[in-house]
Amino acid sequence: MKIKIIGILCFLLSALSLAAQEAKIWSLKDCIDYTLENNIRVKQTELDLKTADEDLVTAKGNFLPDLSGSATQNFNFGSFIDQDQRRISTDARGNTFGLNTGMILFNGFQNISVYKQAKLGIESSKLQLAILKDNISLNVVNQYLSVLLSKENLKVAHDQIDVTQKRLDQVKELVDSGVRPKADLFDTQAQLASDQERLTNVQNNLDLALLSLAQLMQISHRGFDVQDMLMQLPAVLLENKSTDDIFEFALGSRPEIKQAELRIQDSELGIDIAKSNYFPTLSFGAGMFTSYQHQQGMRDERPIIDPDNPPNIIFIPNGFGKQLNDNLGYNFGFNLRIPIFNRMQTKANVNRAKINNERIAFALEQEKQDLRTNIEQAYADAKAAFNQFESSKLSLEAQKESFKNAQESYDLGVMNAFEFEQVRNRLINAEANLINAKYNFVFKTKVLDFYLGKPLTN
């Protein structure tokens with residue numbers, strides 16, 4: 001019984017937790033933080049950074065000596081030379097053991113260049129991760145603003161239905177009293193149906209916007225919703241900043257430029273690595289070895305001259321430990337390899353490395369040009385969006401006055417329902433244009449904030 005109660009409680013807690021998760025209203029910061037923490041591409045790039053760390057470990061290891069051990073088991077049948085350099089005809093088995101070490105003392109500074117490249121690889125991976133996070137954050141902001149835009153359009157659509165419904169009630173009373181023709185009632189009903197259709201379309205746009213944002217965040221869209229936020233329209237940015245100012249700031253801060261500069265350093269080290277094959281290579285090696293041998297069916301003994309009664313021969317124990325100790329030997333030495341001619345391979349590799357360096361230098365210049373182009377385009381887009389927003393505000397004010405006059409004319413019977421709906425539709429379009437212009441301008445300024453290194457959540 002207790003187990004059943006505990007199971008029910010766990011189920012209820014899980015259901016409440018799931019409901020709380022579904023009911024969560026996400027802020028822009030929440031969306032960005034969650035996406036950056038859970039995005040699969042971000043996780044993959046973080047693994048690239050770990051790989052770069054291991055490359056550095058490998059590069060450090062090139063400066064250290066290696067150490068390896070060996071052991072063998074062998075069997076001999078018939079005639080062979082034993083450890084005492086005697087030819088014997090018997091079956092035997094034996095073991096050999098060895099320990100070897102070696103290290104490169106000089107290889108044209110190649111290990112140093114590889115180590116420097118590995119350190120640059122870590123920095124490049126960090127910059128690549130920063131680039132990816134910046135792009136994902138900007139995409140989240142764009143989708144988030146699309147949701148807010150659809151929400152505001154939905155609110156306007158609901159308001160329009162309320163207005164049309166009230167006017168329909170008024171028209172019904174006027175038609176019933178004989179003041180208005182029945183055609184006005186049909187026109188108003190048609191307008192209400194049109195408003196409801198617009199509401200459906202706007203609701204569909206909101207659902208799709210929420211779905212796109214949820215998919216970008218890689219979470220379920222069920223119960224997913226976002227917080228409203230106060231839209232600030234920062235015209236001061238356009239007044240006090242020029243494209244040159246933004247470009248100079250971005251040139252020293254954007255990870256794309258820093259990564260391109262690191263690639264040049266990496267390619268220069270590649271030239272040094274290729275040139276290292278012109279130099280001799282000096283290495284050091286050392287080792288120790290020993291062995292054991294046993295003749296099948298015989299004791300581990302070896303003959304020696306009796307020191308007390310020469311030249312008589314006696315046999316002394318020669319077991320496993322004794323043989324290993326007696327046969328223990330050491331060696332060490334140096335190896336110098338001097339390149340003389342390798343079929344022009346080194347020269348071709350150096351030339352390829354130099355060509356690659358020139359190509360990467362051009363890539364840096366192209367990256368700078370692309371950055372300037374993107375900033376100039378973003379700045380022009382922001383100015384155009386601001387001008388569009390200002391124009392939309394003026395247009396909306398004018399349409400409000402026109403609608404106000406049309407409302408009075410319609411109430412006095414001077415204007416028919418069709419003409420009135422034309423004025424009203426212009427007002428609705430003006431409101432929609434203003435909303436679109438506002439969010440378009442906000443996003444365009446967010447792009448400029450992106451290049452200025454400002455937080456996108458502000």
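Visitor: Is Tyr34 buried, partly exposed or exposed?
Guide: This is a predicted model, so keep that in mind as we look around. Tyr34 has a relative accessible area of 28%. Buried means under 20% and exposed means over 50%, so a value in between gets the middle label. That makes Tyr34 partly exposed.

Visitor: And Trp26, buried or exposed?
Guide: Use the cut-off again: under 20% relative accessible area means buried. Trp26 comes in at 9%, so the label is buried.

Visitor: How many aromatic pairs does the structure hold, and what kind do Trp26 and Tyr34 form?
Guide: The structure holds 14 aromatic pairs. For Trp26 and Tyr34, the ring centres are 5.3 Å apart and the planes meet at 80°. Planes over 60 degrees apart count as edge-to-face. So we have 14 pairs, and the one between Trp26 and Tyr34 is edge-to-face.

Visitor: What kind of pair do Trp26 and Phe224 make?
Guide: Here the ring centres are 6.1 Å apart, with 50° between the planes. Stacked needs under 30 degrees and edge-to-face over 60, so an angle between those limits gets the remaining name. The pair of Trp26 and Phe224 is tilted.

Visitor: How many residues apart in sequence are Trp26 and Phe224?
Guide: Trp26 is in strand 1 (residues 25-26), while Phe224 is in the loop between helix 5 and strand 6. The pair links distant parts of the chain, and the gap is 198 residues.

Visitor: Which residues form one aromatic cluster with Trp26?
Guide: We've just met two pairs that share Trp26: one with Tyr34, the other with Phe224. Phe224 is buried, at 7% relative accessible area. The cluster partners of Trp26 are Tyr34 and Phe224.

Visitor: Which helix gives the most to the largest nonpolar core?
Guide: That core has 72 residues, and Phe224 and Cys31 are among those with the most contacts inside it. Several helices give two or more residues to this core, including helix 2 (28-38), helix 5 (182-217) and helix 10 (345-411). With 18 residues, the top contributor is helix 4.

Visitor: How many residues are in the other core, the one with Ala52?
Guide: This one lies apart from the largest core, and Leu56, Ala59 and Ile122 are among its members. Ala52 itself is in helix 3 (residues 40-61) and counts as buried at 7% relative accessibility. Beyond its neighbours within four places in sequence, Ala52 touches Gly121, Ile122 and Ser125. As for the size of this other core, the count is six residues.

Visitor: Is Asn153 buried or exposed?
Guide: Asn153 sits in helix 4. Leaving out neighbours up to four places away in sequence, Asn153 is in contact with Val202, Ala432, Ile435 and Asn436. The cut-off for buried is under 20%. At 19% relative accessibility, Asn153 therefore counts as buried.

Visitor: Which residues does Gln191 touch, leaving out those up to four places away in sequence?
Guide: Gln191 is in helix 5, and at 7% relative accessibility it counts as buried. Its contacts are Thr164, Arg167, Glu421, Arg424 and Asn425.

Visitor: Which strand gives the largest share of the nonpolar patch on the surface?
Guide: The patch has about 1100 Å² of accessible area together, and Leu105, Phe332 and Met344 are among its residues. The largest share is three residues, and they come from strand 10.

How values were computed: Residues numbered from 1 in each chain as written. Predicted model: local features only at pLDDT ≥ 70, side-chain atom pairs only at ≥ 80, totals over all residues. Heavy atoms only, no water. Core = buried A, V, L, I, M, F, W, Y, C linked by side-chain atoms within 4.5 Å. Buried < 20%, exposed > 50% of the residue type's maximum accessible area, 1.4 Å probe, protein only. Helix = DSSP H or I, 4+ residues; strand = E, 2+ residues; numbered from the N terminus. Patch = residues over 30% accessible without salt bridge, like charges linked within 9 Å, V, L, I, M, F, W, Y side chains within 5 Å. Areas by Shrake-Rupley, 256 points an atom, 1.4 Å probe, with all protein chains shown as cover. Salt bridge = Lys/Arg side-chain N within 4 Å of Asp/Glu carboxyl O. Contact = heavy atoms within 4.5 Å. Phe/Tyr/Trp six-rings, centres within 6.5 Å; stacked < 30°, edge-to-face > 60°.
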